[in-house]
Amino acid sequence: MTGIDDILIDRLGGAVAELAGAGVMIAGAWALGRIAGWAGVARDDRVRAYLEAALDRAVDRALGHAPAGELVPAATAYLRETVPQALKTLSIAPETLDRMVEARLAARNGAPEPQKPVAQP
């Protein structure tokens, strides 16, 4: 080989090594993203289970202490006080929390759950 061939091989080898390194970094970033996604799902599942237990406690507390017309506000106030981070993590709006408590109360009373309004076209 000539000196020019050696220079080309050195430069091409360096470029190939840089491309291979970049490929490994991209694959690693992708794998870390997947692992973080799985971890986030597992975390959200634990938060949901925690919130479900808190909903039961809130309904029990409201049924034991609040007047009949104040059950939903009493339960939602308890939840906002005791599990604010869970509500924030799952992005549960106040109206959604009210519906969750209403459904839990309906299930406890043996009544059918409130029906969602149907949007009219």
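## A walk along four helices

From the N terminus on, the elements run α-α-α-α. That comes to 4 helices and 0 strands, with helices (H or I, at least four residues) and strands (E, at least two) taken as DSSP runs numbered from the N terminus. Before you click on anything, note that this is a predicted model, where local features need pLDDT of at least 70, side-chain atom pairs count only at pLDDT 80 or more, and totals for chains, interfaces and linings use all residues. Residues are numbered from 1 along each chain as its sequence is written, and side-chain values use heavy atoms, with hydrogens and water left out.

**Stop 1: the whole protein.** Show the surface to start. The accessible area comes to about 8900 Å², and carbon and sulfur atoms hold 63% of it; the method is Shrake-Rupley with a 1.4 Å probe, and for residues only the protein chains shown count as cover. Of the 121 residues, 21% are buried, where buried means under 20% relative accessible area, exposed over 50%, and partly exposed in between (1.4 Å probe, protein chains only). Now for contacts (heavy atoms within 4.5 Å): among those between residues at least 6 apart in sequence, 60% join residues at least 24 apart.

**Stop 2: Arg 104 and its partners.** A search of the whole structure turns up 4 salt bridges, each a side-chain nitrogen of Lys or Arg within 4 Å of a carboxyl oxygen of Asp or Glu. Select Arg 104 and Glu 52, whose side chains meet in one of these, at 2.4 Å from N to O. You are looking at distant parts of the chain: Arg 104 belongs to helix α4 (residues 94–109) and Glu 52 to helix α1 (residues 3–65), 52 residues apart. Color by accessibility and Arg 104 counts as buried at 18%, while Glu 52 is partly exposed at 38%.

Keep Arg 104 on screen and add Asp 56: their side chains also form a salt bridge, 2.6 Å from N to O. This pair, too, links α1 to α4, with Asp 56 and Arg 104 48 residues apart. Asp 56 is partly exposed, at 31% relative accessibility.

**Stop 3: on to Arg 108.** Which residue forms a salt bridge with Asp 56 at 3.5 Å? Arg 108 does, that distance being between the closest N and O atoms. Asp 56 sits in α1 and Arg 108 in α4, so the bridge ties together parts that are 52 residues apart in sequence. Arg 108 is partly exposed at 36%. Add Asp 60 to your selection, and you have the whole network: salt bridges with shared partners join Glu 52, Asp 56, Asp 60, Arg 104 and Arg 108.

**Stop 4: down helix α4.** Select the 16 residues of α4 and check the ends: the C-alpha atoms there are 23 Å apart, in agreement with the 22 Å expected at 1.5 Å a residue (1.5 Å times one less than the number of residues). The buried residues of α4 are Leu 97, Val 101, Ala 103, Arg 104, Leu 105 and Ala 106.

**Stop 5: Thr 76.** Last, hop to helix α2 (residues 71–82) and pick Thr 76. Is Thr 76 buried or exposed? Buried, with a relative accessible area of 2%. Its side chain reaches the backbone oxygen of Pro 73 at 3.2 Å. Leaving out residues up to four places away in sequence, Thr 76 touches Leu 97, Asp 98 and Val 101.

Notes:
A polar contact is a pair of N or O atoms within 3.5 Å; within protein, one must be able to donate a hydrogen and the other to accept it, and residues adjacent in sequence count only if both atoms are side-chain atoms.
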